[in-house]
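Got your viewer open and your selection tool ready? Let's take a walk through this one, stop by stop.

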Amino acid sequence: MNIRRYILVLLACSFVFSLYAEGDGLNLLPKPQQVVIRKGEVHLLKNGVLDADLVRERIVSDIPSIVKNREEGYKLTVSSDSIRLEALTQTGLYWGKQTLNQLVANAENGALPCCDIIDYPAFRIRGFMHDAGRSYLSVETLKEHIRLLSTYKINVFHWHLTENQAWRLQSNRFPQLNDSAYFERHPGKFYSIAEAREIADFCRAHHVLLIPEIDMPGHSAAFVRAMGVDMQSDEGMRILKNLLEEICTEVFPDVPYLHIGTDEVKFSNPHFVDEMVAFLRGLNKKVISWNPGWKYKAGEIDMTQLWSYRGKPQKGIPAIDSRFHYINHFDIFGDIVALYNSRIANVETGNEDIAGAILAVWNDRLLADEQQIVLQNNFFPAMLALAERAWLGGGTEYFDRYGTIIPTDRTMPEYTLFVDFEKRMLWHKSRFFQHVPFPYMKQTDMKWRITDAFPNEGDLNRIFPPEQALADRYQYQGAVFETRDAIGASVYLRHVWGSIVPAFYKDPQKNHTAYAYTWVWSPEKQTVGLWVSTQDYSRSEMDLAPRKGKWDYRESRIFLNDEEIVPPVWENTHTLRSNEVMLRNENFTARPPLRVTLHKGWNKVFFKLPIGTFSTPEVRLQKWMFTCMFVTPDGKQRINNLIFDPDRQMR
């Protein structure tokens with residue numbers, strides 16, 4: 001190397017060290033446990049491709065700095081002339097390769113930073129669940145999700161295969177289970193034995209643990225229709241044992257776990273669960289069960305999965321936390337904040353009794369196709385939030401401090417950590433998720449002002465002072481109503497789970513009216529798209545679409561520059577609640593953005609947000625909230641040259 005080139009490299013090394021030391025350049029997701037950036041960079045890429053001959057992989061007997069879940073840990077060393085990847089197992093090597101691939105993707109100048117990474121997961125279970133029993137997802141889609149998420153060190157796919165609507169796994173012994181006559185949804189759509197084995201092999205190749213679920217004895221109406229008997233009857237148990245033998249020995253012989261459900265059912269046979277667990281263990285399967293469900297003592301079950309806030313971890317039985325991880329109830333922008341900030345099972349890292357977490361996508365309500373399932377459930381952004389939290393551990397709360405609210409104090413960790421995650425997540429979105437639904441966009445610079453709620457005494461159309469003029473404080477009927485700031489594209493005034501998950505109001509009351517506003521600065525007059533909503537429709541509810549000309553059943557109103565924004569024409573007009581009436585354009589991601597015009601300069605956005613009762617005949621779980629995001633007319637990108645500030649301050 002000549003002296004001029006040497007000096008240039010030294011200067012570049014100094015810059016790279018500074019950049020990566022601040023954590024702003026690596027864009028690794030999930031964050032590794034330990035990263036040391038050394039001075040120097042190495043040009044190991046040709047046309048963006050790493051020379052595989054320069055990578056040294058080896059299994060070692062020990063890496064002292066790995067303190068948890070050692071079988072998944074690895075050490076990655078990037079030096080001036082080579083890359084060393086060491087791990088205790090092939091799984092550790094696989095996770096290390098994913099980190100290396102992300103380093104390569106960051107190397108836009110063709111160079112990697114010299115660094116030492118020692119990494120391991122805080123929790124041993126980091127997974128996702130698809131409810132294929134209700135809504136069939138193709139083998140290709142499942143494999144795509146397994147492949148993509150394994151690159152972020154997600155290591156469990158929980159496959160919910162049977163439900164009231166259908167029995168989705170082929171049986172040669174009882175083919176009537178797959179007869180379309182006994183399907184209530186997606187008739188004829190089930191997984192052949194060959195396809196099930198293909199999924200199992202695909203999981204294994206990507207170091208993902210497959211957990212098939214055969215739900216019993218509840219959620220079994222499809223079984224009853226096809227077989228003509230209840231699972232808990234003597235004949236039902238005989239058939240079920242025959243089925244389980246087929247599943248365990250012929251379909252999933254090399255899969256170690258089977259999930260047996262046991263949730264949301266009245267047990268008429270007190271011996272049912274004990275017999276099924278014993279039978280499966282006799283087939284060399286470990287058994288998982290929902291909690292709440294059957295009550296076990298230590299040693300009677302191999303693992304439980306907590307699905308409700310009533311579910312409690314038990315000493316001596318490893319628990320998977322899914323209590324606040326039902327993303328079918330989540331909105332696009334608010335709930336991911338709570339998900340990212342929350343400690344899994346309210347512990348810093350996993351232990352013998354806390355195994356980890358699984359995000360569940362339940363499809364009680366019919367959606368048009370698997371793309372809509374992924375889109376409306378904000379699947380990939382939520383999974384990336386879990387991927388980091390379950391790998392890194394920690395968190396600032398357990399859904400019980402700020403919940404879905406982004407703090408306005410920008411020095412607080414609940415703000416700074418989420419902002420950093422959002423930046424890295426959007427970097428990954430732009431590079432690796434262009435071909436799949438990924439609706440999340442930057443929201444941490446969107447500032448709002450929200451009033452104290454005014455008592456409307458059940459009159460949702462009552463007018464209050466903010467409709468006459470904006471102010472920081474209002475006098476009304478002898479009382480003072482203050483305003484406070486909020487941040488985000490969606491703000492929950494009251495969460496769908498009530499006081500369990502905190503929202504903007506600490507103690508929200510029914511029969512009140514809130515107001516929210518901001519000013520949006522645009523550098524030019526422009527026609528843009530608007531994602532806007534006052535109710536996120538859960539994918540597990542039978543809720544009715546709003547009446548024509550209304551945003552919701554609460555008389556919410558939305559204004560841009562004092563002109564009222566008219567709701568879209570709702571495609572659903574039915575009046576009888578049913579899960580089998582497809583959700584259509586009720587959620588804003590499932591419809592084209594509204595086209596609106598922003599003036600050059602400041603534009604006023606104003607929401608009137610009344611609430612009556614928190615549950616109505618039309619909508620069981622009212623989400624007192626609002627969503628606003630300016631996007632390109634095709635809805636693919638955010639309009640990035642805007643400033644959101646209720647004080648109209650340029651910054």
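What follows is a list of things to select, with a word on what you'll find at each. Keep in mind that you're looking at a predicted model.

**Stop one: strand 10**

Select residues 209–216, which make up strand 10. Colour by accessibility if you can: seven of the eight residues here are buried. Now add residues 156–160, strand 9, which pairs with strand 10 in the parallel sense over five bridges. To see one of those contacts up close, pick tryptophan 159; its bridge partner in strand 10 is proline 212.

How does the chain get from strand 9 to strand 10? Show helix 4, residues 193–205, and you have the right-handed β-α-β unit that strand 9, helix 4 and strand 10 make together.

Next, bring in residues 257–261, strand 11, which runs parallel to strand 10 and is joined to it by two bridges. Click on methionine 216 and look across to strand 11: glycine 261 stands opposite.

**Stop two: tyrosine 257**

Stay on strand 11 and select tyrosine 257. Is this residue buried or exposed? Its relative accessibility is 14%, and the cut-off for buried is under 20%, so tyrosine 257 counts as buried. Show its neighbours and you'll find that tyrosine 257 touches Leu209, Ile211 and Pro212, along with Lys286, Val287, Ile288, Asp302 and Met303, leaving aside residues up to four places away in sequence. For a distance to try, go from the C-alpha of tyrosine 257 to that of leucine 280: the two are 23 residues apart along the chain and 9.4 Å apart in space.

**Stop three: a five-stranded sheet**

Now move to another part of the chain, where five strands form an open sheet with mixed pairing, in the order 1-7-5-6-4. Its edges are strand 1 (34–42) and strand 4 (55–59), each pairing on one side only. From one strand to the next, the twist averages 15°.

Select strand 4 together with strand 6, residues 83–87: they run parallel and are joined by five bridges. Arginine 56 is a handy marker, with arginine 84 as its bridge partner in strand 6. Then switch on helix 2, residues 90–106, which lies across strands 4, 5 (74–78), 6 and 7 (112–119) and runs at about 35° to strand 5.

**Stop four: the rings**

Show the aromatic side chains; there are 44 aromatic pairs in the count. One of them is phenylalanine 454 with phenylalanine 464: their ring centres are 5.1 Å apart and their planes sit at 25°, so this pair is stacked. Phenylalanine 454 is in strand 17 (residues 454–455), while phenylalanine 464 is ten residues away, in the loop between strand 17 and strand 18 (473–476). Both are buried: phenylalanine 454 has a relative accessible area of 0%, and phenylalanine 464 has 1%.

For a bigger selection, pick the cluster linked by ring pairs: Phe128, Tyr136, Tyr152, Phe157, Trp159, Tyr191, Phe252, Phe379, Phe380, Phe433 and Phe438. You've met Trp159 already, as the bridge partner of proline 212.

**Last stop: charges over rings**

Two more pairs to pick out. Select lysine 153 and tryptophan 391: the lysine lies over the face of the tryptophan, 5.5 Å from the ring centre. Then select arginine 494 and phenylalanine 614, where the charged end of the arginine sits over the ring, 3.8 Å from its centre.

How values were computed: Residues numbered from 1 in each chain as written. Predicted model: local features only at pLDDT ≥ 70, side-chain atom pairs only at ≥ 80, totals over all residues. Heavy atoms only, no water. Buried < 20%, exposed > 50% of the residue type's maximum accessible area, 1.4 Å probe, protein only. Helix = DSSP H or I, 4+ residues; strand = E, 2+ residues; numbered from the N terminus. Pairing = 2+ DSSP bridges. Right-handed = clockwise from strand over helix to strand, strands pointing away. Axes fitted to C-alpha atoms, helices over the stretch in contact; angles between N-to-C directions. Contact = heavy atoms within 4.5 Å. Phe/Tyr/Trp six-rings, centres within 6.5 Å; stacked < 30°, edge-to-face > 60°. Lys NZ or Arg CZ within 6 Å of the ring centre and 35° of its normal.
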